[in-house]
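Visitor: I am new to this structure and should be grateful for a close look at a single part, the contact between the chains. Please describe its surroundings as well.

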2 protein chains.
Amino acid sequence: MVIKSEAGTVRTSPASPLTERQEARRRRILHATAQLASRGGFDAVQMREVAESSQVALGTLYRYFPSKIHLLVATMQDQLEHMHGTLRKKPPAGETAAGRVAETLMRAFRALQREPHLADAMVRALTFADRSVSPEVDQVSRQTTAIILDAMGLEEDPTPDQLSAVRVIEHTWHSALITWLSGRASIAQVKIDIETVCRLIDLPDERR
Amino acid sequence: MVIKSEAGTVRTSPASPLTERQEARRRRILHATAQLASRGGFDAVQMREVAESSQVALGTLYRYFPSKIHLLVATMQDQLEHMHGTLRKKPPAGETAAGRVAETLMRAFRALQREPHLADAMVRALTFADRSVSPEVDQVSRQTTAIILDAMGLEEDPTPDQLSAVRVIEHTWHSALITWLSGRASIAQVKIDIETVCRLIDLPDERR
DNA sequence: CGCTAACCTAGAACAAGTTTCAGAGTTGAT
DNA sequence: ATCAACTCTGAAACTTGTTCTAGGTTAGCG
């Protein structure tokens with residue numbers, strides 16, 4: 001696999017603002033990636049094919065996304081943004097924060113079930129990512145955190161305890177997805193796990 | 001990566017009992033793998049090198065372990081067994097089940113910290129594994145469950161609720177390890193996450 | 001308009017996981 | 001002991017991610 005690259009030339013945050021044509025290229029690439037992933041999952045996303053589908057030279061593809069993992073994590077960022085928008089429209093109606101978070105995650109889960117191969121590609125990339133992709137993975141994590149905090153519908157800033165709970169929920173979310181994607185857990189199982197971990201929210205204070 | 005293989009010829013569970021020489025080969029392979037992994041992690045485990053180090057032809061290596069992922073997951077099985085043995089010797093002393101489980105996991109975590117590269121190789125393989133490795137990954141999961149249940153020190157069989165909690169703890173364990181390995185979480189952070197999730201054990205009954 | 005730096009393209013080349021195959025070497029049953 | 005069936009070896013080939021090169025294109029700027 002051999003991922004050595006530095007942060008990409010293009011993606012460096014406050015760098016070049018990308019011309020219109022460049023923005024279009026980037027979009028074509030992400031679109032082609034999602035399309036290929038939606039068919040065969042991780043393995044079906046082949047860099048040469050992505051390049052061809054998006055009408056871009058292989059070298060250019062690598063200039064925009066320094067590795068296949070970067071590419072798929074960027075795809076996940078893209079999809080997550082979209083999902084956050086969708087979820088925001090119909091906030092969950094549950095009584096408790098725990099219930100609302102569980103409902104939100106299950107909604108996201110159902111969305112992923114509609115494109116299981118795409119989910120496979122994105123989640124596998126996310127957990128396989130090494131340090132060279134940390135900034136991007138971290139961004140995904142922050143976005144996920146935002147979604148969960150949104151669902152909790154807090155009046156004020158979250159307490160440290162609540163933040164811990166949210167982190168654990170994220171852990172469970174990712175790992176449960178993986179067990180589902182690799183066929184080792186059923187959808188029902190994932191539901192139970194999510195509901196179980198959500199109980200950590202609004203939990204009566206206990207020793208540390 | 002391209003993993004297509006059927007269940008390996010050799011590893012099929014109730015199959016051939018492996019002659020002594022074969023057992024020795026298998027052991028040499030696993031030893032070489034752990035050694036290479038302990039240096040550079042996942043990337044440093046190169047199939048050609050493993051074959052050479054363990055004095056086995058490349059084709060033979062693939063007969064024993066149908067892919068690099070299978071090889072690393074088998075290595076994890078091996079290490080886990082070892083660790084379970086070690087942990088069993090000095091059972092944790094905490095008051096609560098939650099405390100004992102957290103202590104046990106932290107002990108395991110400290111062991112992994114001693115060989116971070118090896119941990120990296122094994123954990124990355126584990127989460128990257130696709131369906132073709134499910135049986136082996138599942139075995140790892142069962143072993144982990146056993147370790148946790150041991151730490152809980154139950155008198156009787158675990159309740160369904162407890163089993164759910166254990167599954168969530170495992171999710172958190174794996175995912176927290178990954179965030180640590182990829183440098184996105186500190187050791188202290190992992191500790192907090194483990195302690196947080198362990199609160200799910202002996203939790204007063206609540207709705208559903 | 002014309003220049004220059006940055007960007008893009010096509011294609012070859014390289015690296016590492018995986019497959020294949022012909023020819024020994026072992027083994028187990030008769 | 002002998003034969004058939006497996007197993008192991010060594011080496012080449014194949015696949016796909018990644019890097020490199022040489023030459024054409026574009027964008028901003030004087």
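Guide: A residue is called buried if 20 or more other C-beta atoms lie within 10 Å of its own, and exposed if 12 or fewer do so. The model is predicted, and in chain A buried residues account for 42% of the 208 residues.

It is helpful to begin with the chain itself. Chain A holds nine helices and zero strands, so that, by the DSSP runs that define these elements, its order from the N terminus reads α-α-α-α-α-α-α-α-α. Of the contacts in chain A between residues at least 6 apart in sequence, 73% link residues at least 24 apart.

We may now turn to the contact. Chain B contributes 34 residues to it, and chain A contributes 34 residues. On the side of chain B that touches chain A, the elements giving two or more residues are helix H6 (116-128), helix H7 (134-152), helix H8 (160-181) and helix H9 (187-198) of chain B. H8(B) supplies the largest share of that side, 10 residues. Sorted by class, the side of chain B that touches chain A consists of 13 nonpolar, 10 polar and 11 charged residues.

The two copies are related by symmetry. A turn of 180° with a shift of 0.0 Å along the axis lays chain B on chain A with an RMSD of 0.1 Å. This is the relation of a two-fold axis. Both copies use the same surface, as 97% of the contact residues of chain B recur in chain A. Among the residues of chain B, B:Thr172 comes closest to the rotation axis, with its C-alpha at 2.7 Å.

One residue of helix H8 of chain B merits attention, namely B:Ile178. B:Ile178 counts as buried because it has 24 C-beta neighbours inside 10 Å. Leaving aside residues up to four places away in sequence, B:Ile178 touches B:Val123 and B:Thr127 as well as A:Thr127 of the other chain. Between B:Ile178 and B:Asp161 there are 26 Å in space, C-alpha to C-alpha, and the two are 17 residues apart in sequence.

H8 of chain B also meets helix H9 of chain A. The buried residues of H9(A) pack against H8 of chain B together with helix H5 (97-114) and helix H8 (160-181) of chain A. Those buried residues are A:Val190, A:Ile192, A:Asp193, A:Ile194, A:Thr196, A:Val197 and A:Cys198. Helix H9 of chain A (residues 187-198) has 12 residues, which should span 16 Å at 1.5 Å a residue; its end C-alpha atoms lie 17 Å apart, which agrees.

A:Cys198 leads on to the nonpolar interior, as it is one of the residues that A:Val101 touches. In soluble globular proteins, nonpolar side chains tend to be buried together. The largest nonpolar core here has 112 residues, of which A:Val73, A:Val101, B:Val73 and B:Val101 touch the most other members. Not counting residues up to four places away in sequence, the contacts of A:Val101 also include A:Ile148, A:Ala151, A:Met152, A:Ile169 and A:Ile201.

A last detail concerns the loops. Most residues other than glycine have a negative phi. A:Gln55, however, has a positive phi near 60°, and B:Gln55 has a positive phi of about 60°. A:Gln55 lies in the loop between helix H2 (47-53) and helix H3 (58-64) of chain A, and counts as exposed because it has 11 C-beta neighbours inside 10 Å.

Note on methods
Residues are numbered from 1 along each chain as its sequence is written. Chains are lettered from A and ligands numbered from 1 in the order in which they are written. This is a predicted model: local features need pLDDT of at least 70, side-chain atom pairs count only at pLDDT 80 or more; totals for chains, interfaces and linings use all residues. Two residues are in contact if their C-beta atoms, placed from the backbone, lie within 7 Å. Helices (H or I, at least four residues) and strands (E, at least two) are DSSP runs, numbered from the N terminus. Ala, Val, Leu, Ile, Met, Phe, Trp, Tyr, Cys and Pro count as nonpolar, Asp, Glu, Lys and Arg as charged, and the others, Gly among them, as polar. Copies are superposed by least squares on the C-alpha atoms of residues with pLDDT of at least 70 in both. The expected span of a helix is 1.5 Å times one less than its number of residues. A nonpolar core is a set of buried Ala, Val, Leu, Ile, Met, Phe, Trp, Tyr and Cys residues joined through C-beta atoms within 7 Å.
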